[in-house]
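Trainee: Got a minute to go through this one with me? I'd like to start with the ligand contacts.

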Amino acid sequence: MHVSDDLKEVVRQKYGEAAKRAAASQKSSCCGSAPCCGEAIDPITVNLYDEAQKGEVPAAAVLASLGCGNPTALAALRAGETVLDLGSGGGIDVLLSAHRVGPTGKAYGLDMTDEMLALARENQAKAGVTNVEFLKGEIEAIPLPDDSVDVIISNCVINLSADKDRVLAEAFRVLKPGGRFAVSDVVVRGEVPPEVRRSVEMWVGCVAGALEESEYVSKLERAGFVGIGIEPTRVYDLEDARQFLATQGINVDAIAPRLAGKFFSAFIRATKPRA
Ligand SMILES: C[S@@+](CC[C@H](N)C(=O)[O-])C[C@H]1O[C@@H](n2cnc3c(N)ncnc32)[C@H](O)[C@@H]1O
């Protein structure tokens with residue numbers, strides 16, 4: 001088994017457990033494992049959606065949300081468009097997209113974890129929307145034809161992939177010419193010392209593979225995208241993680257100065273050229 005297959009299995013297991021907890025009406029943490037971050041100290045997934053958006057989807061879909069941003073609020077979706085959510089989890093962003101694109105549009109969710117797909121389909125049934133389809137598959141091999149999607153969204157998933165170049169190449173392939181990439185993800189700014197990076201990754205276990213900002217831009221360019229922008233939406237303050245880090249024997253005061261402003265959630269946009 002390749003390292004990337006191993007990693008994928010770990011991710012699949014964690015999110016399978018997170019889906020089961022959400023199905024039992026328990027809030028999951030960002031990385032789906034108990035000691036990571038209870039809601040009180042989980043600055044990543046907390047308060048991402050406003051009350052109006054929460055009112056549009058079943059409560060179970062809100063409870064299952066494990067993202068780090070709100071891509072549909074920033075993506076300017078239009079009636080009739082086809083949207084694809086990479087790593088759709090419990091389906092919140094797919095259901096919100098379905099409302100935006102309306103009955104003449106379509107919203108696809110793609111996820112590799114059976115438990116998440118089951119939860120998402122349950123949430124779709126509760127929401128009573130029919131312009132939605134949840135597909136089983138991997139974001140490194142999207143099961144859709146070339147030039148078939150207007151907008152790709154994703155919420156805190158690309159950081160989990162061991163092959164981000166493949167993911168971006170696949171996103172580019174399935175987008176129509178002129179199609180938009182409109183994704184929330186965790187990003188790192190500048191150099192982070194390895195030992196510090198490891199500590200922080202224990203806190204934000206779900207962002208172990210977060211890309212450095214300029215690397216994200218280069219990878220998007222290499223995939224063929226233009227009009228690339230990375231806009232921070234939430235910068236993580238180490239104070240948020242003080243309690244958790246202290247339980248891991250990490251001296252927060254010692255590492256805080258080297259980390260200020262380095263880990264953040266961002267809205268990442270790019271376009272597939274028309275020509
Ligand atoms: C952090 S959760 C985010 C879920 C959802 N986007 C949200 O905002 O609630 C990550 C999701 O991506 C899925 N996932 C992770 N890696 C994947 C991959 N390589 N291919 C397909 N799905 C993947 C997991 O099963 C999980 O449902």
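Mentor: Sure. Here a polar contact is a pair of N or O atoms within 3.5 Å; within protein, one must be able to donate a hydrogen and the other to accept it, and residues adjacent in sequence count only if both atoms are side-chain atoms. This is a predicted model, with local features needing pLDDT of at least 70 and side-chain atom pairs pLDDT 80 or more, while totals for chains, interfaces and linings use all residues. Residues are numbered from 1 along each chain as its sequence is written, and side-chain values use heavy atoms, with hydrogens and water left out.

Trainee: OK, how far is the polar side-chain atom of Asp-111 from an oxygen atom of the ligand?

Mentor: 2.6 Å. Leu-66 uses a backbone N or O atom instead, 2.7 Å from a ligand oxygen. For Asn-155, a polar backbone atom is 3.2 Å from a ligand nitrogen.

Trainee: And how much of the ligand's accessible area does the protein cover?

Mentor: 99% of the 590 Å² that the ligand has on its own (Shrake-Rupley method, 1.4 Å probe).

Trainee: Switching topic: how many disulfides are there?

Mentor: One turns up in a search of the whole structure (cysteine sulfur atoms within 2.5 Å). Cys-68 pairs with Cys-156, sulfurs 2.4 Å apart.

Trainee: Right-handed or left-handed?

Mentor: The torsion about the S-S bond of Cys-68 and Cys-156 is about 115°, so that disulfide is right-handed.

Trainee: Where do the two cysteines sit in the chain?

Mentor: They link distant parts, 88 residues apart. Cys-68 is in the loop between helices H3 (59-63) and H4 (71-74), and Cys-156 is in the loop between strand S4 (149-155) and helix H7 (164-174). Helices (H or I, at least four residues) and strands (E, at least two) are DSSP runs, numbered from the N terminus.
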